[in-house]
Amino acid sequence: MRALNHVSLALMVIFSLGLISCGPSGPQAAKPGTPPFLWNAAQEAFQKGNFSVASDQLDRLTGKDGEFRDRAEVLQTILSIGRAHGQMEWADIFEDGSKFARTRYLDFRRTSSSARSTANQMVMRAAEIQNKSMDRLKNADLLLAVTLPTLNSDLPVEAERVKKGVALQDSEQAVALIRMQQRGVMKTAAEFVAGGDVAKARDLMAKGDYKIPKDTFFTALAREFTDLTDLYGPKKMDQSGQIKMLCEEADKALAVAQPSADTKAVQKKLDAVKKKLPKS
C-alpha cells in the first residue's frame with residue numbers, strides 16, 4: 001500500500017509539471033521573417049494607417065507560394081492603387097499652385113513631377129501583380145483580410161494653401177503627403193468594397209475577413225486601371241505606352257467579370273481612353 005501511495009504521488013507530480021509546462025506558454029509567436037510574421041506586421045501597419053510599411057511587408061509575400069500569397073496580393077493591389085491616387089492628386093495640387101507661386105514656381109513644378117514619378121512606380125506595382133496573378137485569382141471571391149482604419153479621407157488643410165501658391169515647410173509637406181496617401185487608400189478600398197462609400201466599406205470590413213465578390217473586384221480593378229491612365233496623358237507624364245498597357249490590363253479584368261451595367265460603364269470609359277491613343 002505504501003509503495004502504491006508513493007507511485008501515485010510521483011504520477012501526480014509528473015502530471016502537475018506537465019500542466020505547468022504546457023498550460024501557460026500558449027501559442028508561440030511568429031518568428032521574425034516568416035510569412036505569418038510578415039502578414040501580421042502588414043495588418044498592424046495597415047490598421048495604423050502606415051501604408052508604406054504595410055506595402056513593404058506585403059512585397060515580401062507577393063509572388064511567393066504559401067497561405068498568405070493571395071491575400072497579400074489583393075491587399076497590395078489596393079494599397080498600390082490607393083497610394084498612387086494620393087500621389088497623383090498631390091501632383092495636381094502642386095501643379096495648380098505653381099501658377100500662383102511666383103518665385104517658387106520651379107519648386108512647385110519639381111514637386112509635382114516627383115509625385116507623379118512615385119505614382120508611376122505604384123501603378124506599375126499594381127499592374128505587375130495583377131498581370132501575374134489574375135488567372136489564379138479570377139475563379140473565387142477575394143479575401144480582404146484587414147479592417148479599414150478610422151482615418152480622415154478629406155483633403156488635408158495644407159492642400160488649399162498649396163493651391164494658392166503657398167510653399168510648405170518640409171515637415172508640413174511630409175505629413176500632408178502621408179495624409180494624401182491615406183486619403184487615396186481609403187477611397188480606393190471603398191471603391192473595391194462598397195462602390196466608393198467609405199463608411200459602408202468600414203462596416204463591411206469590420207471583422208477583418210471580408211470577401212470581395214470576384215465580379216465586383218475585377219470590375220473595380222478595370223475602372224481603376226482606366227482612371228490611372230490619366231497619369232500618363234500628354235499634359236502629365238506623356239507616356240502613351242503606359243496608357244496602352246493599362247488599357248490591356250483593364251480589358252483583361254473586364255473579361256473576368258460578368259457583364260453588368262457597371263462593366264458597360266467601365267467599358268465605355270475605357271473605349272474613350274483608347275480612342276485618344278496615337279495611331280500605331
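## A tour of the model, helix by helix

Select Thr 229 to begin: this residue sits in the loop that joins helix 9 to helix 10. Keep in mind as you look around that you are viewing a predicted model. Is Thr 229 buried or exposed? Its relative accessible area is 7%, and anything under 20% counts as buried, so Thr 229 is buried. Now show what surrounds Thr 229. Leaving out residues up to four places away in sequence, you will find it touching Ile 243, Leu 246, Cys 247 and Val 273.

**Stay in the loop**

Move along to Asp 238, which is in the loop between helix 9 (214-228) and helix 10 (240-256). With a relative accessible area of 52%, Asp 238 is exposed, whereas Thr 229 is buried. Check the backbone of Asp 238 too: its phi is positive, near 55°, and the residue is not a glycine. That is worth a pause, because most residues other than glycine have a negative phi.

**Zoom out**

Now show the whole chain as a cartoon. How many helices and strands are there? The protein chain has 11 helices and two strands. Starting at the N terminus, follow the elements in this order: α-α-α-α-α-β-α-α-α-β-α-α-α. The chain has 280 residues, and 41% of them are buried. Consider also the contacts between residues with a separation of 6 or more: 74% of these join residues 24 or more positions apart.

**Helix 2 and helix 3**

Select residues 35-47 for helix 2 and residues 51-59 for helix 3. Their axes are 8 Å apart, and the two helices pack at an angle of about 160°. Angles over 145 degrees count as roughly antiparallel, so that is the description for helix 2 and helix 3. Their crossing is left-handed.

Next, turn on the side chains where these two helices meet. On the helix 2 side, pick Leu 38, Trp 39, Ala 41, Ala 42, Ala 45 and Phe 46. Facing them in helix 3 are Phe 51, Val 53, Ala 54, Gln 57 and Leu 58. What classes of residue make up this contact? Colour them by class and you will see 10 nonpolar residues, one polar and no charged ones.

**On to helix 5**

Select Arg 102 on the way: it lies in the loop between helix 4 (69-98) and helix 5. Arg 102 has a relative accessibility of 76%, so it counts as exposed. Like your earlier stop in a loop, this one has a backbone feature to inspect: phi of Arg 102 is positive, near 55°, in a residue other than glycine.

Then step into helix 5 (residues 105-137) and find Ser 112. Ser 112 has 2% relative accessibility, so it counts as buried. Which residues is Ser 112 in contact with, once neighbours within four places in sequence are set aside? Look for Ala 91, Phe 94 and Glu 95.

**Where helix 5 meets helix 10**

Keep helix 5 on screen and add helix 10. The axes of these two helices come within 11 Å and cross at roughly 40°. Helix 5 and helix 10 are therefore oblique to each other, and their crossing is left-handed.

Show the side chains here as well. Helix 5 brings Asn 120, Val 123, Met 124, Ala 127, Gln 130, Asn 131 and Met 134 to the contact. Helix 10 meets them with Gln 242, Met 245, Leu 246, Glu 249, Lys 252, Ala 253 and Val 256. This contact holds eight nonpolar, four polar and two charged residues. Leu 246 may look familiar, since Thr 229 touches it.

**Along helix 7**

Select residues 170-194, which form helix 7. Its 25 residues reach 35 Å from first C-alpha to last, close to the 36 Å expected at 1.5 Å a residue. Just after helix 7 comes Gly 195, with a positive phi near 60°.

Within helix 7, click on Lys 187. At 39% relative accessibility, Lys 187 counts as partly exposed. Draw a distance from its C-alpha to that of His 85: the two residues are 102 apart along the chain, yet these atoms are separated by 9.1 Å.

**Last stop**

Finish at Pro 259, in the loop between helix 10 and helix 11 (261-275). Pro 259 is exposed, with a relative accessible area of 68%. For a closing distance, join Pro 259 to Asp 215: they are 44 residues apart in sequence and 8.8 Å apart in space, C-alpha to C-alpha.

Key
Residues are numbered from 1 along each chain as its sequence is written. This is a predicted model: local features need pLDDT of at least 70, side-chain atom pairs count only at pLDDT 80 or more; totals for chains, interfaces and linings use all residues. Side-chain values use heavy atoms; hydrogens and water are left out. Axes are lines fitted to C-alpha atoms, for helices over the stretch in contact, and angles run from 0 to 180 degrees between N-to-C directions. Helices (H or I, at least four residues) and strands (E, at least two) are DSSP runs, numbered from the N terminus. Angles under 35 degrees count as roughly parallel, over 145 as roughly antiparallel, 65 to 115 as roughly perpendicular and the rest as oblique. A crossing is left-handed if the near helix is turned anticlockwise from the far one by less than a right angle, and right-handed if clockwise. Contact means heavy atoms within 4.5 Å. Ala, Val, Leu, Ile, Met, Phe, Trp, Tyr, Cys and Pro count as nonpolar, Asp, Glu, Lys and Arg as charged, and the others, Gly among them, as polar. Buried means under 20% relative accessible area, exposed over 50%, partly exposed in between (1.4 Å probe, protein chains only). The expected span of a helix is 1.5 Å times one less than its number of residues.
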